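Welcome, and please open your viewer. We will go from stop to stop, with a selection to make at each one and a short note on what is there.

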Amino acid sequence: MDDGRWEGWCPVLSGVYQQLAACAPAWRMRVLSGPQAAPGPGWVRADGFAARIDELVAGEAARILTDHGRAVPAHVAASRLLHHYLWSACLLAGGPWYLADLVPELSPCQVWLHPATGELACRPGSCRTDGSPDQLRDTIGEFADPAVAAFQAVTRRGARALWGMVADDLVSGIWYLGRMLDREEHAATRAAELLPGGTAPLRGPAGFRRLPAGELTRTRAGCCMYYAIRPAEACLTCPRVGDAERTRRLTA
């Protein structure tokens with residue numbers, strides 16, 4: 001976050017985003033101050049992803065090579081970048097919903113991505129205070145739609161699979177918050193209320209279940225392609241990882 005002075009049209013969001021940043025260290029988002037703020041030159045607004053998709057994907061491929069020493073094809077880089085964007089952007093809305101029953105009115109013109117660094121920025125607007133699951137799903141659908149459309153061809157996956165990724169990242173962000181706050185069971189329950197299944201275009205239910213030793217788990221509806229970078233370290237919720245391996249890793 002920036003210096004926290006953003007007041008916007010819903011002042012309570014400033015405090016909620018500070019709380020979110022404090023309890024979610026993996027969430028990296030520059031929250032801009034002022035209703036007309038923009039992050040500066042070079043950034044790509046989410047409703048303009050399609051026009052600069054090659055630049056965005058090339059930037060992610062370069063970061064993967066630097067960070068992991070592995071050159072990956074464009075569809076892997078695109079999937080990783082889309083996952084990065086969706087997880088962070090979904091927490092922009094899902095975080096306040098989980099923490100304070102607020103639903104920010106976010107649109108694609110209020111979220112930016114920097115091609116060279118992968119950094120994200122947002123300019124929040126107003127918010128709804130009743131925090132209904134329907135409102136949150138509508139908000140997620142609105143700002144995810146141009147990203148899904150922009151990335152679909154280069155990821156080599158259909159819209160159904162990519163909307164599965166949107167649902168996965170919405171659930172995983174709320175689940176992550178619950179773990180960070182030592183409220184994992186509560187977070188899983190709220191996520192199940194949010195995505196009970198049959199809430200198109202978000203594909204599938206939250207789908208939490210228990211491993212034999214009692215740990216909560218779920219299986220992703222979409223794939224973030226991390227296994228293509230680190231085959232031996234596929235995500236614990238990856239469809240490629242069986243329950244025996246999940247249990248082994250969680251209890252090691």
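Start by selecting Asp182, which counts as exposed because its relative accessibility is 74% (exposed means over 50% relative accessible area, buried under 20% and partly exposed in between, with a 1.4 Å probe and protein chains only). Before moving on, note that this is a predicted model, in which local features need pLDDT of at least 70 and side-chain atom pairs count only at pLDDT 80 or more, while totals for chains, interfaces and linings use all residues. Residues are numbered from 1 along each chain as its sequence is written, and side-chain values use heavy atoms, with hydrogens and water left out.

**Around Asp182**

Asp182 sits in the loop between α5 and α6 (helices are DSSP runs of H or I with at least four residues, strands are runs of E with at least two, and both are numbered from the N terminus). Although Asp182 is not a glycine, its phi is positive, about 60°.

**Helix α5**

Step back along the chain and select residues 159-180, which form helix α5. How many of its 22 residues are buried? The count is 18, and α5 is mostly covered. From first C-alpha to last, α5 reaches 31 Å, close to the 32 Å expected at 1.5 Å a residue (the expected span is 1.5 Å times one less than the number of residues).

**Where α3 meets α5**

Two packed helices are described by the angle between their axes and the distance between the axes. Keep α5 selected and add helix α3, residues 74-100. The axes of α3 and α5 come within 8 Å and cross at roughly 50° (axes are lines fitted to C-alpha atoms, for helices over the stretch in contact, and angles run from 0 to 180 degrees between N-to-C directions). The two helices are therefore oblique to each other (under 35 degrees counts as roughly parallel, over 145 as roughly antiparallel, 65 to 115 as roughly perpendicular, and the rest as oblique). The crossing of α3 and α5 is right-handed (the near helix is turned clockwise from the far one by less than a right angle; anticlockwise would be left-handed). Show side chains here: the contact includes Leu82, Leu86, Trp87 and Leu91 of α3, and Leu162, Met165, Val166 and Tyr176 of α5 (contact means heavy atoms within 4.5 Å).

**Where α4 meets α5**

Now swap α3 for helix α4, residues 133-155. The axes of α4 and α5 come within 9 Å and cross at roughly 130°. This pair is therefore oblique as well, and α4 passes α5 in a right-handed crossing. Among the residues making the contact are Ile140, Ala144, Val148 and Phe151 of α4, with Leu162, Trp163 and Leu170 of α5.

Stay on α4 and zoom in on Ala144, where the helix bends by about 40° (the bend is the angle between axes fitted to the seven residues ending there and the seven starting there). A proline, Pro146, follows within four residues. The end C-alpha atoms of α4 are only 29 Å apart, short of the 33 Å that a straight helix of 23 residues would reach. Next along the chain is Arg156, with a positive phi near 65°.

**Helix α1**

Select residues 12-23 for helix α1. Its end C-alpha atoms are 17 Å apart, which agrees with the 16 Å that its 12 residues should span. Buried residues of α1 include Leu13, Val16 and Tyr17, and its buried residues pack against β1, α3, β3, β6 and α5.

Is Leu20, also in α1, buried or exposed? Leu20 is buried, with a relative accessible area of 0%. Leaving aside neighbours within four places in sequence, Leu20 is in contact with Trp27, Leu91, Gly95, Leu99 and Leu177. Gly15 of α1 is partly exposed, at 44% relative accessibility. Measure in your viewer from Gly15 to Pro96: their C-alpha atoms are separated by 9.9 Å, with these positions 81 residues apart along the chain.

**Three loop stops**

Select Ala200 and Pro201, which are joined by a cis peptide bond with omega near 5°. Pro201 lies in the loop between α6 and β7.

Move to the loop between β8 and α7 and pick Met225. Met225 is buried, at 10% relative accessible area, and its phi is positive, near 70°.

Finish at Thr237 in the loop between β8 and α7. Thr237 counts as buried, at 14% relative accessibility. Not counting residues up to four places away in sequence, Thr237 touches Trp175, Arg218, Thr219, Arg220 and Arg246.
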